[in-house]
Amino acid sequence: MKAQELADHLAENLVDKEYEPLKTYFPDEEVMHIDELEQVEEPVWKLFFDGAANMKGVGIGAVLISETGHHYSVTAQLHFYCTNNMDEYKACILGLRLAADMGVQEVLVLGDSELLVYQIQGE
């Protein structure tokens, strides 16, 4: 489930003062089990990044996952105004700097910013 879908759902179904359970309807609630196909691939370093900008400030973060599954995280607060797209770029750069500082030669970069991903791919 995408985080934005969950946020939208919670925003539309506010908790009232008596704290009644949410009356929810998810279209796939009758699904009992989902299998994932196991992909045979050689281990690779992975970089996940994200940024958030709101009225309280701008925060960015990245997690670098080694071939053996070790997690290395880095976060920062930006002390200047920027848009959501700009903070996504800054978060990606922060993660790439971490990877470079650790001597990682090849990394799979994963993020939820379509603009950034398509620009990196040249589309």
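Helices, H or I in DSSP, are runs of at least four residues and are numbered from the N terminus; Glu88, a residue treated below, is found in helix H2. The model described here is predicted. The chain comprises three helices and four strands, which follow one another from the N terminus in the order α-β-β-β-α-β-α.

**Overall architecture**

- Of the 123 residues in the chain, 20% are buried.
- The exposed area of the chain is about 10300 Å², and carbon and sulfur atoms supply 55% of this surface.
- When contacts between residues at least 6 apart in sequence are considered, 50% of them join residues at least 24 apart.

**Nonpolar core**

- In soluble globular proteins, nonpolar side chains tend to be buried together.
- The largest nonpolar core of the model has 16 residues.
- Phe49, Ile60, Leu64, Leu78 and Val104 are the members with the most contacts inside this core.
- Two or more residues of the core come from each of strand E1 (45-54), strand E2 (57-65) and helix H2 (84-101).
- Helix H2 gives the most to this core, with five residues.

**Surroundings of Phe49 and Glu88**

- Phe49, one of the core residues with the most contacts, touches several residues beyond its neighbours within four places in sequence, among them Gly61, Ala62, Ala91, Cys92 and Glu88.
- Further contacts of Phe49, with the same neighbours left aside, include Val109, Leu110, Gly111 and Leu116.
- Glu88 counts as buried because its relative accessibility is 8%, and the cut-off for a buried residue is under 20%.
- Leaving aside neighbours within four places in sequence, Glu88 is in contact with Phe49, Asp50, Gly51, Asp112, Ser113 and Leu116.
- Leu116 thus appears among the contacts of both Phe49 and Glu88.

**Aromatic pair**

- A pair of aromatic rings is described by the distance of the centres and the angle of the planes.
- The structure holds one aromatic pair, formed by Trp45 and Tyr72.
- The rings of Trp45 and Tyr72 are stacked, at 6.3 Å centre to centre and with 25 degrees between the planes; planes under 30 degrees apart count as stacked.
- Trp45 lies in strand E1 and Tyr72 in strand E3 (residues 71-78), so the pair ties together parts that are 27 residues apart in sequence.
- Trp45 counts as buried because its relative accessibility is 17%, whereas Tyr72 is partly exposed, with a relative accessible area of 32%.

Definitions and conventions:
Residues are numbered from 1 along each chain as its sequence is written. This is a predicted model: local features need pLDDT of at least 70, side-chain atom pairs count only at pLDDT 80 or more; totals for chains, interfaces and linings use all residues. Side-chain values use heavy atoms; hydrogens and water are left out. Buried means under 20% relative accessible area, exposed over 50%, partly exposed in between (1.4 Å probe, protein chains only). Contact means heavy atoms within 4.5 Å. Accessible areas come from the Shrake-Rupley method with a 1.4 Å probe; for residues, only the protein chains shown count as cover. A nonpolar core is a set of buried Ala, Val, Leu, Ile, Met, Phe, Trp, Tyr and Cys residues joined through side-chain atoms within 4.5 Å. Rings of Phe, Tyr and Trp (its six-membered ring) pair if their centres lie within 6.5 Å; planes under 30 degrees apart count as stacked, over 60 as edge-to-face and the rest as tilted.
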